[in-house]
Amino acid sequence: MIGLYNYWVVVVLMMTGFYVVLATPNLVKKVIGLNVFQTSVFILYITIGKVAGGTAPIVQEGARLYANPLPHVLILTAIVVGVATTALGLALIVRIHSAYGSIDEDDIRRRDGAES
Amino acid sequence: MNPELTLLLTPLVPLVGSACIAALGREPNLREAATLLTACVLLVLVISLLPTLHSGAPPEITVAEPIAGLPIALHAEPLGLLFALVASFLWLVTSLYSIGYMRGHGEANQTRFYVFFAIAIASAMGVAFAANMFTLFVFYEALTLSTYPLVTHAGSDEARRAGRIYLGILLGTSLVLQLLAIVWTWQLAGSLDFVPGGVLGDAAGPGVTSVLLVLYVFGIGKAAVMPLHRWLPAAMVAPTPVSALLHAVAVVKAGVFTILKVVVYLLGIDVVSAAGSRTGLLYVVAATIVIGSLIAMRKDNLKARLAYSTVSQLSYIVLGALLANAWGIIGGGMHILMHAFGKITLFFCAGAIMVAAHKTEVSELRGLGRAMPITMGAFFVGSISVIGLPPGGGLWSKWYLALGTLQADQLVLLAALLLSSLLNLAYLLPIPIRAFFSSSTEAPTELREAPLASLAAIVVSSAGCILLFFFAEPAHRLMQLALSP
Amino acid sequence: MIGEHLPALQVVVPLLAAPICVLLHRGDLAWLLAAVVGVICVAVSAALLVAVQVGGPISYALGGWPAPWGIEYRVDLVNGFVLLIVSGVNLLALVFARLSAAREVAAERLYLFYTGWLLCLTGLLGITITGDAFNLFVFLEISSLATYLLISLGHDRRGLLAAFRYLVLGTIGATFILIGIGLLYMMTGTLNMADLATRLPDVQGTRTVRAAFAFLFVGVGIKMALFPLHLWLPNAYTYAPAAVTVLLAGTATKVAVYVLLRIFLTVFGAAYTFEQMAFDRLLLPFAAAGVVSASVVALYQRDCRRLLAYSSVAQIGYMALGISLASVTGLTAAIVHLFNHALIKAALFMSLGCVLYRIGSAAITDLNGIAREMPLTMAAFVAGGLSLIGVPLTAGFISKWYLIVGALEKDWWWLAAVVLASSLISVFYVWRIVEAAYFRRPTPGIAPRREAPASLLVPTWLLIVANLYFGVDTTLTTGVAGRAAAALLAGAS
């Protein structure tokens, strides 16, 4: 159980993020929730790369066992994607705010009338 | 000209004609000339196909093959030729009639009317000459879609509502039930070609063929078997030429023709007669015959009365097909011809009365015989033929149908046929009789017949009814050829 | 020579053009560049499909690094076909966008619009062509981010919220896919799809692989708007600029369906997917429920674009149904419908785009009597509608035919009935619009309307002609789809 400590963190973070996304009507908080959600996956990938007893994947004297560097590289890409998503999400919120004067989803829906 | 090309031209000529009509929209006289010319050419083409029946190998032509093994193909066989002859001849007559009617009635959008009329005829030709069920289905749908603008021609709320029923029932039944039946047949038999004896063979047990038969009979909504008949009375909002040609001849006959084709060439007579659901269907059809006549009796609107009469008469043909014996099929096929002439005459008369006397209800027609003697005389002749009295052609088809019921030992069905004929008598004959012999509530006016072109058409079609009594043999021979090539 | 590098060009050309668009800083020039790129993409994908048909699958090592270390681009019949669909629809949508987008997108943002467009195209083509699972995720995010941007660029402020909601759902979907890919990597140590396919059978019994399967299913389900994960789609289609809706309807969901095929039939293998995971039985209820319920919901819409959006959800259900039949005929139906539906929906949304261009609304009541003033536009809509219904001699009929044959092959006659019933419902919702346009009188006092300009009508009618053509001559569509389906199922016993 304790050996899977990292995975528990992943699950907890993921569920927290997911809950925030679903539960809050505040758009900015939704983006934060989305970030937490994505971060959990970053941790998952980094955990995958861990090799028991391995050291950082830099060639050096005396080291025989290295951690797998590939997941780290992958997750760098995913982090970039996450940042881009966050940026776009926040940019949309700025425009939503200027169009509606609110960033509360329920509020916005009310302003659009009964539609959708 | 070789017969294959002729075959291909039969749907193409009316299509080209419709394009010409559309192009000549600004010149009513030229436009009507184009209609008449197209109709003449089409009739000649169909007649020129007749000799091919005895040439051994019937002509066949493949146009395209959208799905492997399922070509769009045309061929000429006796049943199809009979239907094509009826439709193309009566198109010519109707074109003549509608020129008088549409102008006399001052209808709007006449160009649109003639264009879609021609497209509908093209589709009917495709139905008649389809070499397989897939092709037939394609043209069947085209016929539905091309007649929709004709039904809603008036553009009123009522027409729109009628159009919705029309399209809903016809498209709905064909896209759900019929298509399912077609795909199923294809799946079982691996072919949808129309071949004598059918393609099904032993591929399906009686249980499956029972279901298939039900799907086909109700999926072919144009045959108007109850309870799927509602579209036909609804379609009566269309201008009378449409009711006359399409809803007494082309569209409805395409429906019963399809059922005949399915029974004779797709499922096969033996398979149909072994299907368990056949008896049940026969009773549904017999009920349609009687109930249709009963409803017709209660209708005061002339066109509505004729529509329900059509519902009833169509089921005669379905009955003949479902009897699945030689007499039944022959009677059914001949009834396509006989009823077409009779009913189109009646509709022509109804339209003429509407144009000349502005009357639509049966109760208003007393004493009209003095103002419109030719029309009412023709109405009498048409009634005789539809009822099946001599000297009307309808006698023969009903004769063979009755023989068919006897051969099948179905006395109940025979009783239904006879009862319905009595009802026909009761709801049709009083109209011309009262028109001639009872005095009008209004002062009898001077002679006021329909426009000349319409009158000519009425005379031709009613003469046809009587001629068919004396010269029914060719039709009979065609049907026999269809059964035993 | 250049022929060898076609797979790379397919993606690199639009990718490089995107930043150039920003530098051009002018809407018209940006459009011109995008159009040139569109033509190149069509040429490249056509050349690729021909090459694949002649010489079998093409493998291309990006940057000269051979798989499994480098990223492999792999073109076979399935994705060669999808590439052609995407670039073809893209080109027509671009032609359409010149006037349409100029009206709906603020002039100073127009160059950004085309930048986003090109990135979206890059992403879609990249997803399709790549043979590397992680690369697929990256391209998926590229196309998704660009799509969120495109949806938000219209006039309608509701588009902003639609874009945001799609962003949230889309990101969750993409993250699920990322997790799935990560779990697969964990078990196999490779990201190359072909390698994954060979190594997965050794570990397929493990819970991790099953978890990956589930994550990927949900993730892809969101992306392809599989019922009930379709909630983002109606708003996105309704409030996006017209040209974007055309692009999305014609390409984005289709690519997602392709991803479904690729991941579950190539990577997991048809045998594992269908026999061990019972994917067919898993997918079937969602697909059937989507087909029926989305069709019914479409009946009650007041906005034509929303109506068509729900119809899209139903049509995606058709494709899912085809896949869940787990037979060659079923898969053929799915792949053919992928193509045909792209044609149908792109054509329909274009004709509505013409209406939007002239009257700025697509509410059904605003369309009253419009056929008199815009006869060509509405004729195109009717033709497209008939194809959607699946009337014979249109493309829609062909796919429906195969679907029903597939259902009957398994003796699932009730499924055939569901498909047919749904097409019956589509008669009603298409006809609501047709009736309004042709048979209702225009609302009194509205401004006179004119036929849409030629540069909008030409692409619309090209698609309509394609609809009719592929309803009659199906050698390309069913030929390719049939062989592709057989290849995909080759793994299954």
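**Exercise 1. The contact of chains B and C**

Determine how many residues of chain B and of chain C take part in the contact in this predicted model, and which elements of chain B supply the side that touches chain C.

*Solution.* Step 1: count the participants. Chain B contributes 19 residues and chain C contributes 23 residues.

Step 2: assign the chain B side to secondary structure. Strand E1 (60-67), helix H5 (133-151) and helix H6 (157-189) of chain B each provide at least two residues of the side facing chain C. H6(B) gives the most, with eleven residues.

Step 3: classify the residues. The side of chain B that touches chain C holds 13 nonpolar, four polar and two charged residues.

**Exercise 2. The contact of chains C and A**

Establish how many residues of chain C and of chain A are in contact, and which helix supplies the largest share of the side of chain C that touches chain A.

*Solution.* Step 1: count the participants. In this contact, 24 residues of chain C meet 26 residues of chain A.

Step 2: locate the chain C side. Helix H5 (133-152) and helix H6 (158-188) of chain C each supply at least two residues to the side that touches chain A. The largest share, 15 residues, belongs to H6(C).

Step 3: classify the residues. On the side of chain C that touches chain A there are 16 nonpolar, five polar and three charged residues.

**Exercise 3. The arrangement of the three chains**

State which of the two touching pairs of chains has the most contacts, and how far apart the closest C-alpha atoms of chain A and chain B lie.

*Solution.* Step 1: compare the pairs that touch. Of these two pairs, chains A and C have the most contacts.

Step 2: examine the remaining pair. Chain A and chain B are joined by no contact, and their closest C-alpha atoms are 29 Å apart.

**Exercise 4. The overall form of each chain**

For each chain, compare the radius of gyration with the value for a compact globule, and report the secondary structure and the share of buried residues.

*Solution.* Step 1: chain C. Its secondary structure amounts to 20 helices and two strands. A compact globule of 493 residues would have a radius of gyration near 23 Å, and the 21 Å of chain C therefore agrees with a compact form. The C-alpha atoms of chain C occupy a box of roughly 70 × 55 × 40 Å along the principal axes. Buried residues account for 66% of chain C. Among contacts in chain C with a separation of 6 or more, 79% are between residues 24 or more positions apart.

Step 2: chain B. This chain has 19 helices and two strands. For its 485 residues the globule value is near 23 Å, with which the 21 Å of chain B agrees. The box filled by the C-alpha atoms of chain B is roughly 70 × 55 × 45 Å. In chain B, 62% of the residues count as buried.

Step 3: chain A. Four helices and zero strands are present in chain A, and the order from the N terminus is α-α-α-α. A compact globule of 116 residues would have a radius of gyration near 13 Å, but the value for chain A is 20 Å. Its C-alpha atoms fill a box of roughly 70 × 30 × 15 Å. Of the residues of chain A, 26% count as buried. For contacts in chain A with a separation of 6 or more, 43% involve residues 24 or more positions apart.

**Exercise 5. Two helix pairs**

Decide whether H17(C) and H18(C) are roughly parallel or antiparallel, and do likewise for H1(B) and H2(B).

*Solution.* Step 1: the pair in chain C. Helix H17 (residues 395-409) and helix H18 (residues 413-439) of chain C pack at about 155 degrees, with axes 7 Å apart. Angles over 145 degrees count as roughly antiparallel, and H17(C) and H18(C) are therefore roughly antiparallel. Their crossing is left-handed. Among the residues that meet are C:Leu403 and C:Ile404 of H17(C), and C:Trp413 and C:Val419 of H18(C). By class, this contact contains eight nonpolar, one polar and one charged residues.

Step 2: the pair in chain B. Helix H1 (residues 3-23) and helix H2 (residues 28-49) of chain B pack at about 170 degrees, their axes 9 Å apart. H1(B) is therefore roughly antiparallel to H2(B). The residues that meet include B:Leu7, B:Val13 and B:Gly17 from H1(B), and B:Arg31, B:Val41 and B:Leu45 from H2(B). The contact of H1(B) with H2(B) comprises 13 nonpolar, six polar and one charged residues.

Definitions and conventions: Residues are numbered from 1 along each chain as its sequence is written. Chains are lettered from A and ligands numbered from 1 in the order in which they are written. This is a predicted model: local features need pLDDT of at least 70, side-chain atom pairs count only at pLDDT 80 or more; totals for chains, interfaces and linings use all residues. Two residues are in contact if their C-beta atoms, placed from the backbone, lie within 7 Å. Ala, Val, Leu, Ile, Met, Phe, Trp, Tyr, Cys and Pro count as nonpolar, Asp, Glu, Lys and Arg as charged, and the others, Gly among them, as polar. The radius of gyration is taken over C-alpha atoms; the globule rule is 2.2 Å times the number of residues to the power 0.38. A residue is buried if 20 or more other C-beta atoms lie within 10 Å of its own, exposed if 12 or fewer, and partly exposed in between; C-beta atoms are placed from the backbone. Axes are lines fitted to C-alpha atoms, for helices over the stretch in contact, and angles run from 0 to 180 degrees between N-to-C directions. Angles under 35 degrees count as roughly parallel, over 145 as roughly antiparallel, 65 to 115 as roughly perpendicular and the rest as oblique. A crossing is left-handed if the near helix is turned anticlockwise from the far one by less than a right angle, and right-handed if clockwise.
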